[in-house]
Amino acid sequence: MMPPVQPKMTQAGTRRAGVRRSHWVLPLVVLAGFAAFLVVRSHQPIPLRESFQVSQRGREFRPELLNIRRGDVVQIVNDDGDLSHHAYVASERFKFDSGDQEPGGRADIAFTVAGTFNVLCGIHPKMRLVVNVR
Ligand SMILES: [Cu+2]
């Protein structure tokens with residue numbers, strides 16, 4: 001009695017196991033695909049950085065306000081005749097110091113951190129540029 005019943009149960013059991021496997025194979029494939037997508041996406045290059053120019057003529061930063069994205073570069077140009085200038089950021093989260101900028105000198109500031117930052121001139125304390133980095 002028992003031996004003839006045993007093979008039938010095994011066949012049914014195998015079929016059921018097959019059905020159960022197909023239930024988790026599909027989600028697993030979808031999950032693996034999604035993981036692969038994330039890996040590929042994280043290796044794509046960062047969007048092109050924009051450059052902005054700021055003049056120091058007349059002992060003023062112009063423009064006085066910039067809205068940029070993280071990674072963008074602000075170039076500070078001393079186009080102020082024969083005056084020396086300077087540009088620095090002294091935030092807790094972001095620091096920069098151009099050193100002395102002789103006439104004609106340029107300093108590139110790559111803002112790598114989001115936030116609002118003051119760019120100041122160590123020689124002319126009234127000079128101020130506000131940079132919003134989003
Ligand atoms: Cu200055």
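Two strands are taken to pair where DSSP finds at least two bridges between them, and it is on this basis that the strand arrangement of the predicted model is described here.

An open sheet of three strands, with mixed pairing, follows the order S1-S3-S6. Its edges are formed by strand S1 (51-55) and strand S6 (106-110), each of which pairs on one side only, and from one strand to the next the twist averages 20°. Within this sheet, strand S3 (residues 73-77) runs antiparallel to S6 and is joined to S6 by five bridges. In the register between these two strands, Val 77 stands opposite Arg 106 in S6, while Val 74 stands opposite Ile 109, also in S6. The two faces of S6 are distinguished by their cover: Ala 107 and Ile 109 make up the covered face, whereas Arg 106, Asp 108 and Ala 110 make up the uncovered one. Of the pairs just named, Val 77 is therefore set opposite a residue of the uncovered face of S6, and Val 74 opposite a residue of the covered face.

A further group of pairings involves strand S8 (residues 128-133). Strand S2 (residues 65-68) runs parallel to S8 and is joined to S8 by four bridges, with Leu 65 standing opposite Val 130 in S8. Strand S7 (residues 115-120), by contrast, pairs with S8 in the antiparallel sense, over six bridges, and the bridge partner of Leu 120 in S8 is Arg 128. The covered face of S8 consists of Leu 129, Val 131 and Val 133, and the uncovered face consists of Arg 128, Val 130 and Asn 132. In general, strands of a sheet pair through backbone hydrogen bonds, either parallel or antiparallel.

The largest nonpolar core comprises 15 residues, of which Val 74, Ile 76, Ile 109, Val 119 and Val 131 touch the most other members. Two or more residues are given to this core by each of S3, S6, S7 and S8, and the largest share, three residues, comes from S8. In soluble globular proteins, nonpolar side chains tend to be buried together. The surroundings of one of these core residues, Ile 76, can be described further: when its neighbours within four places in sequence are left aside, Ile 76 is in contact with Val 54, Gln 56, Ala 87, Ser 98, Arg 106, Ala 107 and Ile 109. Among these contacts, Ala 107 and Ile 109 belong to the covered face of S6, and Arg 106 to the uncovered one.

How values were computed:
Residues are numbered from 1 along each chain as its sequence is written. This is a predicted model: local features need pLDDT of at least 70, side-chain atom pairs count only at pLDDT 80 or more; totals for chains, interfaces and linings use all residues. Axes are lines fitted to C-alpha atoms, for helices over the stretch in contact, and angles run from 0 to 180 degrees between N-to-C directions. A residue is buried if 20 or more other C-beta atoms lie within 10 Å of its own, exposed if 12 or fewer, and partly exposed in between; C-beta atoms are placed from the backbone. A nonpolar core is a set of buried Ala, Val, Leu, Ile, Met, Phe, Trp, Tyr and Cys residues joined through C-beta atoms within 7 Å. Two residues are in contact if their C-beta atoms, placed from the backbone, lie within 7 Å.
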